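Student: I am new to this structure and should like to be guided through it by questions. May I see it before we begin?

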Amino acid sequence: MPPNNIIEGPKVATWNCPSCREAVPRLLPNGQRNRVRLRTADMLLPATEIRAAAEHIPGPRAGEVCFACAQAYRELLGTLIRPPGEEGDARGGPGLNDTGIVGALLPIAGRGTQVLVFHVVAGALSNTEIEDLRQLHADRLTYPGTRGSVAPLLWSLYDEHLAQLHATAPLGEPDPHS
């Protein structure tokens, strides 16, 4: 039985995040809105092949996602990824030119976030996989130093994205890559 001097706090209305499709509170515990407006740079790596592939994905795009999904976008976009059948410890098993990159994260209204994975096929960047974010196996994510010889085109995209993240990191935050 709770004590009589405890007052129930205010209720916080929920909304459905179009990315994770979960009912999330409209406000964060610190009082900030739990909606983050997405920019193109938050969803797509800067490559014409990636932009063209994203334009071919049907469905209306959501403009806002919850704070947790926005953080996931920031962490996943530009991440190197193993082929679908190759799962396991991300630090082991170096591969050859089979490493891909998460090139786009698209919040599609009613369908959740679609993850577009790109590989280099015949010397060109190609969209080889489209997967729902909730179905993406985290063991497929990998580190750059463990994969052996990665296609130079993917390395340049990865390095460019990493440099952009370093340049836009807020002052006072520790660098996660140091």
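**Accessibility, folds and packing**

Student: Is Ala122 buried or exposed?
Tutor: Buried means under 20% relative accessible area, exposed over 50%, and partly exposed in between, with a 1.4 Å probe and protein chains only. Ala122 has a relative accessible area of 83%, so Ala122 counts as exposed.

Student: What kind of model is this?
Tutor: Residues are numbered from 1 along each chain as its sequence is written, and side-chain values use heavy atoms, with hydrogens and water left out. Local features need pLDDT of at least 70, side-chain atom pairs count only at pLDDT 80 or more, and totals for chains, interfaces and linings use all residues, for the model is predicted.

Student: How many helices and strands does the chain have?
Tutor: Helices (H or I, at least four residues) and strands (E, at least two) are DSSP runs, numbered from the N terminus. From that terminus the elements follow the order β-β-β-α-α-β-α-β-β-β-β-β-α. The chain thus has four helices and nine strands.

Student: What is the order of the strands in the open sheet of five strands?
Tutor: Two strands pair if DSSP finds at least two bridges between them, and the pairing in this open sheet is antiparallel. Each of the edge strands, β8 (124-132) and β9 (141-142), pairs on one side only. The order is β8-β7-β6-β5-β9.

Student: How many bridges join β7 to β8?
Tutor: β7 and β8 form a hairpin with two residues between them, and Ala122 in the turn has a positive phi of about 55°. Leu116 stands opposite Ile130 in β8. The two strands run antiparallel, and the number of bridges joining them is eight.

Student: Which other residue, not a glycine, has a positive phi, of about 60°?
Tutor: This residue lies in the loop between β1 (14-16) and β2 (23-25). With a relative accessible area of 31%, the residue is partly exposed. The residue is Arg21.

Student: Which residue of β9 is the bridge partner of Ile81?
Tutor: Strand β5 (residues 80-81) and β9 run antiparallel, joined by two bridges. The partner of Ile81 is Leu141.

Student: What relative accessibility does Leu80 have?
Tutor: Leu80 is placed in strand β5. Leaving aside residues up to four places away in sequence, Leu80 touches several others (heavy atoms within 4.5 Å), among them Thr99, Ile101, Leu141, Pro144 and Tyr158. Leu80 counts as buried, at a relative accessibility of 1%.

Student: At about what angle does helix α3 run to β6?
Tutor: Axes are lines fitted to C-alpha atoms, for helices over the stretch in contact, and angles run from 0 to 180 degrees between N-to-C directions. Helix α3 (residues 67-76) lies across β6 (100-108), β7 (112-121) and β9. Its angle to β6 is about 155°.

Student: How far apart are the end C-alpha atoms of helix α4?
Tutor: The expected span of a helix is 1.5 Å times one less than its number of residues. Helix α4 (residues 152-168) has 17 residues and should therefore span 24 Å. The model agrees, since the end C-alpha atoms are apart by 24 Å.

Student: Within what arc do the buried residues of α4 fall?
Tutor: Leu154, Leu157, Tyr158, His161 and Leu165 are the residues buried in α4, whereas Pro152 and Ala167, on the other side, are exposed. The buried residues pack against α2 (48-55), α3, β5, β6, β7 and β8. The arc is that of the directions from the helix axis to the C-beta atoms. Seen down the axis, the buried residues line one face of the helix, because they fall within an arc of 95°.

Student: Which two residues form an aromatic pair?
Tutor: Rings of Phe, Tyr and Trp (its six-membered ring) pair if their centres lie within 6.5 Å; planes under 30 degrees apart count as stacked, over 60 as edge-to-face and the rest as tilted. By this rule there is one aromatic pair. The pair is edge-to-face, at 6.0 Å centre to centre and 80° between the planes, and joins Trp155 and Tyr158.

Student: How many residues apart are Trp155 and Tyr158 in helix α4?
Tutor: Trp155 is partly exposed, with a relative accessible area of 25%, while Tyr158 is buried at 13%. An α-helix has 3.6 residues a turn, so residues three or four places apart point the same way. Trp155 and Tyr158 are about one turn of the helix apart, a separation in residues of three.
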